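Please look over the sequence and the model below before reading on. The paragraphs that follow begin with a question and then move through the fold step by step.

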Amino acid sequence: MKENNENISEVISLVSKDMDKIGVAALPAKSKLHNMDELKKYLAQKIAELMDRNYEKLINALYLIDLDEKKLHELFSVTNRDYIPEVLAGMIIERQIQKLQFRKKYKEGKI
């Protein structure tokens, strides 16, 4: 999927919906994020805050987003947790892009 503002908007929308379900307003207005790197950086900051302040909500959000449990278990089992927010942000963006691609194929009748 090409990177453009429309795709960023769609990814932001999907992540926001999942986070809103658990009562976490995670992302800013679409106009404040101009590319996937900015989205990843911002999301990583929010994930770090959740890890420190409300770990349970973070875990609930990860399950709502439907990240691979095995990958999550491997990631959280490391002793150095400093890089976890950035890795999680990348995983979340990747998963949301997969969902968008699946929905597009479904609408086009390719599935």
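Which residues of helix α3 (residues 55-65) are buried? In this predicted model, the buried positions of α3 are L58, A61, L62 and I65. When the helix is viewed down its axis, these buried residues fall within an arc of 100°, and they therefore line one face of α3. Just after α3 comes D66, whose phi is positive, at about 75°.

It helps to set this helix within the chain as a whole. The protein chain contains five helices and zero strands, so that the order of elements, read from the N terminus, is α-α-α-α-α. Of its 111 residues, 36% are buried, while the chain exposes about 7,200 Å², of which carbon and sulfur atoms supply 47%. Among contacts in the chain with a separation of 6 or more, 65% are accounted for by residues that lie 24 or more positions apart.

The pairing of helix α2 (residues 36-53) with α5 (residues 84-107) can be taken next. In general, two packed helices are described by the angle between their axes and by the distance between those axes. The axes of α2 and α5 come within 8 Å and cross at roughly 125°, an angle that makes α2 oblique to α5. The crossing in which α2 passes α5 is right-handed. On the α2 side, the contact is made by M36, L39, K40, L43, A44, I47, A48 and M51, and on the α5 side it is made by I84, P85, E86, L88, A89, G90, I92, I93 and I97.

Two further residues of α5 deserve a separate look, namely Q96 and K99. Why does Q96 count as buried? Its relative accessibility is 0%, and the cut-off for a buried residue is under 20%. Leaving aside its neighbours within four places in sequence, Q96 is in contact with V11, L14, V15, D18 and I65. K99, for its part, has a relative accessibility of 15% and therefore counts as buried as well. With neighbours within four places in sequence again left aside, the contacts of K99 are L14, D18, L64 and I65.

These contacts lead back to the opening question, since I65, one of the buried residues of α3, is in contact with Q96 and also with K99. L14 and D18 likewise appear among the contacts of Q96 and among those of K99.

Key
Residues numbered from 1 in each chain as written. Predicted model: local features only at pLDDT ≥ 70, side-chain atom pairs only at ≥ 80, totals over all residues. Heavy atoms only, no water. Buried < 20%, exposed > 50% of the residue type's maximum accessible area, 1.4 Å probe, protein only. Helix = DSSP H or I, 4+ residues; strand = E, 2+ residues; numbered from the N terminus. Arc of directions from axis to C-beta. Contact = heavy atoms within 4.5 Å. Areas by Shrake-Rupley, 256 points an atom, 1.4 Å probe, with all protein chains shown as cover. Axes fitted to C-alpha atoms, helices over the stretch in contact; angles between N-to-C directions. Parallel < 35°, antiparallel > 145°, perpendicular 65-115°, else oblique. Left-handed = near helix turned anticlockwise from the far one by under 90°.
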